[in-house]
Each structure stands twice: as C-alpha cells, then as structure tokens.
Amino acid sequence: MLRTCAILGAVLLVPALFLAIKDGDATYAIAMSAAYASILVLSFLPVLPSFPARASIVAVLFIAGACLAARPSSLFAGAAWLCAASSIASILLSFGWGLAVIAAQVVAMAAIGAARRAAGGLPAGEALGFALSTITAATACTLACFAETQLSKGMRRSMSARDKLAKELFDRQDALLREAAGRHDAERRADFLESHDSLTRLRNRENFELELAKAIEVAAGRGRILGVMAIGIDRFKRVAEIHGPGAGDALLIEAANRLMRSFRDDDLVAREGGDVFLVLLSDMKVPEDAKAVIEKSRRAFDRSFSVNGSEIGLSASFGLALFPNDGIRPDALIRASGVALHLAKEDGPGSYRLYDASLHERLLAKGLIEQQMRGALRSGAFLPWYQPKVDSLGRIVGAEALARWLLPEGDFRQPADFIQEAERSGSICDLGRMVLAKACASAAAWARNGLEPIPVSVNLSPFQFRSDDIVRDVRSILGATSLPASRLDLEITESGIMDEGADAIEKLAELKALGCSITIDDFGTGYSSFAALRDFPVDCVKLPQSFVEPLPSDPRASAIASAVIDLAHVLRFSVVAEGVETRDQFAWLDAARCDQYQGFLFAKPMPERAFESALAKGLDEAIEC
Ligand code: C2E
Ligand code: MG
Ligand code: MG
C-alpha cells in the first residue's frame, strides 16, 4: 500500500513540480522531490537498511516538511510532511524517536510562526489559531505514532510467529523429504539384496532361478537350447584357510569380477553360494558350444589372484547341464549342473563334466554310502585286517593294517568301495583314527600274548595327514594302547606328503619324534622330486604293485624297479615290495636286494584271528591248516 501511495503521490507531483519550476519556485520543487524520493526509497527497499540510513530518511522528510511549512503557500503540505516524518520515525526507529521528531516539529512550527509574526505575515488572531493547529497536529501525530508503534509491534509479533511457523513447516518438510529419500534408498538396497549376493554383487541363486525360468520359456518357444554352468573354485576352503582372514572373500570377489568380464552381456552370472557360481548361457547353437564357453571361463583363472600381498594360483572345475536334454525346469537344470560339477571335482582340479543322468544315479548311490558310513562309524563297524610283510626267508616281520567295513549281514566291504567316499565326505579322519586305534591295540596284544612283537603299519590318508590333530591323535592312541611307538609304522602316499607342502617335513619330523617309523606308500607313482625326497624324514618306501606286476619279463619295468630300489637305498630307505604274486617276481626282487615283501604269494589280508595264528605258527603252517 505504501508503495502504491508513493507511486501515486510521485505521479501527482509531476504537474505541481512542472508549475513550480515554471514559476521559479525551487524550494518547493526540491523539498517535494526529496520527500517523495525518500518515501519511494523506503517503499522499494525490501529490507530496511541500517539505523543511520533509516534516520536519514526521517531527516530528509523532516527537512523537506520544515522547508515547505516555512512558505505560507505550502504551509499545509509542510505540516503534513512533518507529521509523516514523526510517523515514519516511530515505525522505522522507535516510538521515542517519533516523539522526538514531534517535539522537533512543534519547535519548527513555533519558529516558523514566530518568524512569520515578526515579519508581520501572521496577525495576532491567526497566530493563536496557528499555535493551536500546531499543538493539535502534534497531539494527532503523537496518537498516530503510538498507534503505529502498537500496530508495528503486533505485526512484528505476528510476523515472527508466522516466520517461526514457516520455519517449522520448512524443517518438517525437509525432514520428511530426507526420510522419504532414506526410505527410498533403503527400499532400493533391500530390492538389490533380495536379488543379489551382498559379497560379490552378482545375482543370487533365487534371482538366477527366476531369470532362468524366463530364458527357458523363450528357448522353448524358439526351439533353442540353453546351458546352465556351475563353476566351483578348486580347493577353495583350504586356500582361504592358508591365506588368513578375509582372503576367501577377496578371492570370491575377484573371481566374480573376472567371470563377469568373461561372459557376454546376455549371459547371466550368479553366485550360488560358497565358492560356486552359476552361469546362464542363453542362446547356445549346439551342445558343442559348451566346450568353448568352458575354455573361456577357465581363462578367468589363468592369472594368479593377489590377496593380502601374496599371489595365489587358483583353478576351477565346471559342470554343465543343457536345456531341454538335462531338465526343463530351472531347479532341475541347476541341480543337474551341480551334479556335473561335483563329478568334475572328483576328476581333479580344472576338470569339467557335462551332465549325464547315469552319473546322477552314481552320485545318489554315493550319498547312500555316506549315510551308511556315518552309522558304521558310530557302531565301530570299521576294523583292520592284516596282511603280513615277510623277509626273504618268508618269515613274518610286520603287518599292514587294511580297513574293512563289516556289514550287518556279516559281509565285508573293501577299501575301494569306501575310502574315496570317506575322503570326499570328510569321514576319513574318524575312520582312520578308528583303524589306527584298533591296529595299535591288536599289535600291543600280540606281544602281550607272547607272539612275535612285530611292527604294524597303518595307512594314513592325505586328509588325515593334513589334519592338525594327527600328531596328537597318534600320541594319545599310543598312550591309550600302550604300544611302544617303535612298533608303529605310518604309511603315507607320496602325493599325500607332497600336497602338504612345506609343512610336511615338520609334521613327519613330529611323528618320528614320537618314535614311530614312516613309510612312503606307492613310492614312485607320485610327483616328488628326488631332491625333495632326500629331505623327508622317512624310513622305508613301498615299491607299488604296478612296478612289481610286470616283473621280471618286462625289461623296461625291471630297469625302473631296480632304479627305484637303488635310489631308495642310496637315500637310506628300506624297501618293501607290494603285490608280489609270483615266485619269479619274488626271485627277481630278492636278487635286486629288496628288504621285505608283501603280496598274495605269501598271504592275503586276513582277519585278526587268522593273522595271530599265522604269526604264532608261521605262514606256511597257518595256510596249510
Ligand atoms: P595300499 O596301502 O597300497 O594297500 C595294498 C593293497 O594291495 C591292499 O588292498 C592289499 O589287499 C592289496 N594287495 C596286497 N597284496 C596284493 C597282491 O599280491 N595282489 C593284489 N592284486 N593286491 C594286493 P586293499 O586292502 O583293498 O586296500 C587298498 C587301498 O586302500 C590301500 O592301498 C590303501 O591305500 C587304502 N586303505 C586300506 N586301508 C586303509 C586305511 O585304514 N586307511 C586309509 N587311509 N587307507 C586305507
Ligand atoms: Mg599301504
Ligand atoms: Mg600301497
């Protein structure tokens, strides 16, 4: 409103100014212009400036009013501007300043009246009226100032209440917006986690299954094939354990990234769980395409992985199932690829298998064996049979304990039917411990019962040898059975020792420190270097049946066998020939200076009772009766 009045006044001023300039009335023109200019400034400034600025506006108005009032022709205009000055002072400055301006206004009017009276321009009768008008104007101005002050206070209060409310609303709105954004983020995160694996950021198994269902629909509609590949990192657990905390996760993340890069954008890579990944190979032309895909995925593991400052070489095994041959439902295809992967892993690191239903049946049979094995371990159904080791005169000088699984019907299962499965399922340590304990107890009993105190050899699986508990187990079994450690021989395969890496020597030394002897089983079939063998704290090596069987007619086999025997002797190992079946083999081995012999020529593995009898009577007699 102030702005409208100011603009209107300024516009109306134009003709008055024009007349004033025309009449040469500069005072009027300047005073009116200054007064309107200050009002315009006031109305157009959004924020009132500092105190001196506000005070200057009041001063300009006051001076303009006083100048106008000093001229009889513009007395009323001047009085009005003076009143305006006091009002504006009370609004812009304070009520006190308003009163001060009114006082100055009274003084100015009194001075003007006195001056006009002295100049004779104000008769005595009008002077009284002039004084009364001045006082009335001052009173009216005071009331106006008071009212304005109250009004502006009220306005300020309501403005500050409004500002407060506006601020509160703004804050609330801001908080709501932030909360909404947070919720949106959380929802997005939850959506992501629902369909992705939180570690590798790949799709998870559930999402893979959904996508596979869609792909199957498309492939079925177009009469196409598609593949589901399961990729498992070989020996992942062991590698992760060796390289310390966090290494496993870092390896999985890096493997996931590499696999992502290896496949086309329309092939979906997901993490099934653990160290197993799934790849959906959409749009395969022919099943043979699978080989190229497997090669491609293999390359993802070509380069070593650097984790915790060390370079780790990894390999992976692959299992592939095809739609529609191996299944038409997502879960069936995923399961089939898992079965193929499982069997590939059994073939050794870096292998691959295409799914085959008969393989699945084999796997189910294995599962059954695993279940039965757990029961057999609980009931102690594994026991050792003993196969004699003889010297060149045919005398029993030792025995190898060979595990047999006693079935409820009284039959026995051979190691070929369960050792591998026990190793795969992790039962081998329990099984091995059971055989070791029974064999040590028997050997201790033979001597106690007056039989020849011969040593007993017990086979240790590579898994058992690798276990941290092996030294403790052997020590406690020796203690519990009171078998002197010198009468226990532990047979470990060459590969079992080599797989243990640098720890092998230390572990072998610890076992030897208990007092037992160590034999390398199936010597020469592994991949140890002669230099490494020299460092192993070993007492004896066994010449495997595969070396003995072609003897003596095969000249190459004879050359290998005699080289192995000589090498073992150079390294100060004694030699036991295994699988000796014929007299010719025995004669040849005897001539080659083998130390001991084991094989069907002398005796097959036998139950404990039969072996005790052989030990008591000698082999020939025991076999004859
Ligand atoms: P191994 O330790 O090399 O045992 C020798 C195997 O050759 C035994 O088979 C034995 O019966 C067989 N054998 C001995 N002489 C002859 C022969 O003249 N001709 C033929 N054809 N075979 C002969 P078995 O008892 O079936 O054991 C097979 C393998 O199972 C063992 O090979 C050993 O690696 C493993 N094994 C047996 N018992 C245990 C055990 O308690 N723990 C572990 N970890 N492995 C065991
Ligand atoms: Mg053996
Ligand atoms: Mg052997």
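Donors are N, O and S atoms within 2.8 Å of the metal. The views below are taken from a predicted model.

**View 1. The donor spacing and coordination of the magnesium ion (ligand 3).** Along the chain, the donors of this ion follow the pattern D-D-x55-E. They are Asp521 (OD), Asp522 (OD) and Glu578, the last of which is listed with OE twice, and the distances run from 2.3 to 2.4 Å. Aspartate 521 belongs to strand β14 (residues 517-521), whereas glutamate 578 sits in the loop between β16 (574-577) and α22 (583-591); the pair thereby links parts of the chain 57 residues apart. Aspartate 521 and glutamate 578 are both buried.

**View 2. The coordination of the magnesium ion (ligand 2).** Glu400 (OE), Asn459 (OD1), Glu491 (OE) and Asp521 (OD) coordinate this ion at 2.1 to 2.3 Å. Their spacing in sequence is E-x58-N-x31-E-x29-D. Glutamate 400 is part of strand β10 (residues 396-406) and glutamate 491 is part of strand β13 (residues 488-493), so this pair ties together parts that are 91 residues apart in sequence. With a relative accessibility of 2%, glutamate 400 counts as buried; glutamate 491, at 1%, is buried as well.

**View 3. The bridge between the two magnesium ions.** Aspartate 521 bridges ligand 2 and ligand 3, and these magnesium ions lie 4.0 Å apart.

**View 4. Aspartate 522, a donor with positive phi.** Most residues other than glycine have a negative phi. Aspartate 522, in contrast, has a positive phi, near 50°. This residue, which also contributes an OD donor to the magnesium ion (ligand 3), is found in the loop between β14 and α19 (530-535). Its relative accessibility is 26%, so aspartate 522 counts as partly exposed.

**View 5. Arginine 593, a further residue with positive phi.** Although arginine 593 is not a glycine, its phi is positive, at about 70°. The residue lies in the loop between α22 and β17 (596-597). Arginine 593 has 54% relative accessibility and therefore counts as exposed.

**View 6. Two cis peptide bonds that precede proline.** Most peptide bonds are trans. The bond from phenylalanine 323 to proline 324 is cis, with omega near 5°, and proline 324 is placed in the loop between β7 (316-323) and α11 (330-346). The bond from leucine 551 to proline 552 is likewise cis, with omega near -5°. Proline 552 occupies the loop between α20 (545-548) and α21 (555-570).

Terms used: Residues are numbered from 1 along each chain as its sequence is written. Chains are lettered from A and ligands numbered from 1 in the order in which they are written. This is a predicted model: local features need pLDDT of at least 70, side-chain atom pairs count only at pLDDT 80 or more; totals for chains, interfaces and linings use all residues. Side-chain values use heavy atoms; hydrogens and water are left out. Donors are N, O and S atoms within 2.8 Å of the metal (3.2 Å for Na, K and Ca); water is not among the atoms, so sites may look incomplete. Helices (H or I, at least four residues) and strands (E, at least two) are DSSP runs, numbered from the N terminus. Buried means under 20% relative accessible area, exposed over 50%, partly exposed in between (1.4 Å probe, protein chains only).
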